[in-house]
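Q: I have a new model open and would like to talk it through. Could we start with how the helices pack and then move outwards?

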Amino acid sequence: MSLGAKQKSAEAGKVTFQYKKMLGYRRGADGQPEIVPEEAEVIKRIYHRYLDGCTLGQIKRELDEDKVPTAQGVDSWSPAIIHNILTNEKYIGDALLQKTYITDCISKKVKKNQGERAMYYVENNHPAIISREVFDQVRNEMTRRSSKRKSAAKEWQNRSWGNTPVNTP
């Protein structure tokens with residue numbers, strides 16, 4: 001598919017799936033995504049364990065201990081894979097198109113789209129595994145944990161450099 005064809009496809013809202021890399025879905029008889037029930041349970045488990053307070057590392061250990069395979073059939077999970085699952089809008093039935101783009105058609109170098117190209121958001125494209133409510137709760141929890149880490153790091157930095165604020169009368 002040429003660069004122009006991919007752009008036109010995205011503009012038309014045509015969603016493509018990389019089924020081999022996407023846990024929870026397979027290509028249905030009609031060519032559209034359909035849910036794989038056993039894999040969908042793994043996705044739900046990851047979301048709910050995160051909301052239960054587990055870290056990405058704890059979820060990874062649980063999945064590894066239970067010998068749950070990843071989308072590509074590997075028995076070893078990584079925090080990055082779990083993070084990608086928790087932030088992937090496809091699990092709520094939506095799709096963000098043109099997250100990445102090819103910068104050079106000869107080398108096929110792929111770059112993350114940070115506003116250089118238009119992105120298209122398609123809602124309710126396929127069956128959802130996770131509710132929007134749960135997805136939003138996870139996103140809010142990620143923000144909360146991130147800001148907590150940042151403030152803890154800043155506090156540590158202030159202490160280690162002797163910059164602890166002192167109240168003066």
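A: This is a predicted model, and a good place to begin is the contact in which Val42, Arg45, Ile46, Arg49 and Tyr50 of α2 meet Leu56, Ile59, Glu62 and Leu63 of α3. By class, the residues of this contact divide into six nonpolar and three charged, with no polar ones.

Q: What angle do α2 and α3 make, and how far apart are their axes?

A: Helix α2, which covers residues 37-51, packs against α3 at an angle of about 140°, and the two axes are 10 Å apart. The crossing of these two helices is right-handed.

Q: Staying with α3, which of its residues are buried?

A: The buried residues in α3 are Leu56, Ile59, Glu62, Leu63 and Asp64. Among the things that cover them are α2 and α4.

Q: And what happens to the backbone just after α3?

A: Just after α3, Lys67 takes a positive phi of about 55°, and this is a residue other than glycine. As background, most residues other than glycine have a negative phi. Lys67 lies in the loop between α3, residues 56-65, and α4, residues 79-86.

Q: Is Lys67 buried or exposed, and why?

A: Lys67 counts as exposed because its relative accessibility is 61%, and the cut-off for exposed is over 50%.

Q: Where else is there a positive phi in a residue that is not a glycine?

A: Asn124 is one such residue, with a phi of about 50°. Its place is the loop between β6, residues 120-122, and α5, residues 132-160. Asn124 is exposed as well, since its relative accessible area is 60%.

Q: Changing topic to the inside: which residues of the largest nonpolar core touch the most other members?

A: That core has 32 residues, and those touching the most other members are Ile46, Tyr47, Trp77, Leu86, Tyr91 and Ile130. The elements giving two or more residues to this core are α2, α3, α4, α5 and β3, the last of these being residues 95-97.

Q: Which element gives the most?

A: Helix α2 does, with six residues in this core. Ile46, which is among the core members touching the most others, is also one of the α2 residues that meet α3.

Q: You listed Ile130 too, so what is Ile130 in contact with, leaving aside its neighbours within four places in sequence?

A: With those neighbours left aside, Ile130 is in contact with Ile43, Lys44, Tyr47, Tyr91, Ile92 and Phe135. Two of these partners, Tyr47 and Tyr91, are themselves among the core residues that touch the most other members.

Q: Zooming out, how many helices and strands does the protein chain have, and how do they run?

A: The protein chain has five helices and six strands, and from the N terminus on the order is α-β-β-α-α-α-β-β-β-β-α. Of its 169 residues, 31% are buried. Among contacts with a separation of 6 or more, 55% are between residues 24 or more positions apart.

Q: How much area does the chain expose?

A: The protein chain exposes about 11400 Å², and carbon and sulfur atoms supply 52% of that area.

Q: One last spot: where does Thr16 sit?

A: Thr16 is in the loop between α1, residues 3-11, and β1, residues 25-27. Thr16 is exposed, given its relative accessible area of 53%. Its C-alpha atom is separated by 9.4 Å from that of Pro33, which is 17 residues away along the chain.

Conventions: Residues are numbered from 1 along each chain as its sequence is written. This is a predicted model: local features need pLDDT of at least 70, side-chain atom pairs count only at pLDDT 80 or more; totals for chains, interfaces and linings use all residues. Side-chain values use heavy atoms; hydrogens and water are left out. Helices (H or I, at least four residues) and strands (E, at least two) are DSSP runs, numbered from the N terminus. Buried means under 20% relative accessible area, exposed over 50%, partly exposed in between (1.4 Å probe, protein chains only). Axes are lines fitted to C-alpha atoms, for helices over the stretch in contact, and angles run from 0 to 180 degrees between N-to-C directions. A crossing is left-handed if the near helix is turned anticlockwise from the far one by less than a right angle, and right-handed if clockwise. Contact means heavy atoms within 4.5 Å. Ala, Val, Leu, Ile, Met, Phe, Trp, Tyr, Cys and Pro count as nonpolar, Asp, Glu, Lys and Arg as charged, and the others, Gly among them, as polar. A nonpolar core is a set of buried Ala, Val, Leu, Ile, Met, Phe, Trp, Tyr and Cys residues joined through side-chain atoms within 4.5 Å. Accessible areas come from the Shrake-Rupley method with a 1.4 Å probe; for residues, only the protein chains shown count as cover.
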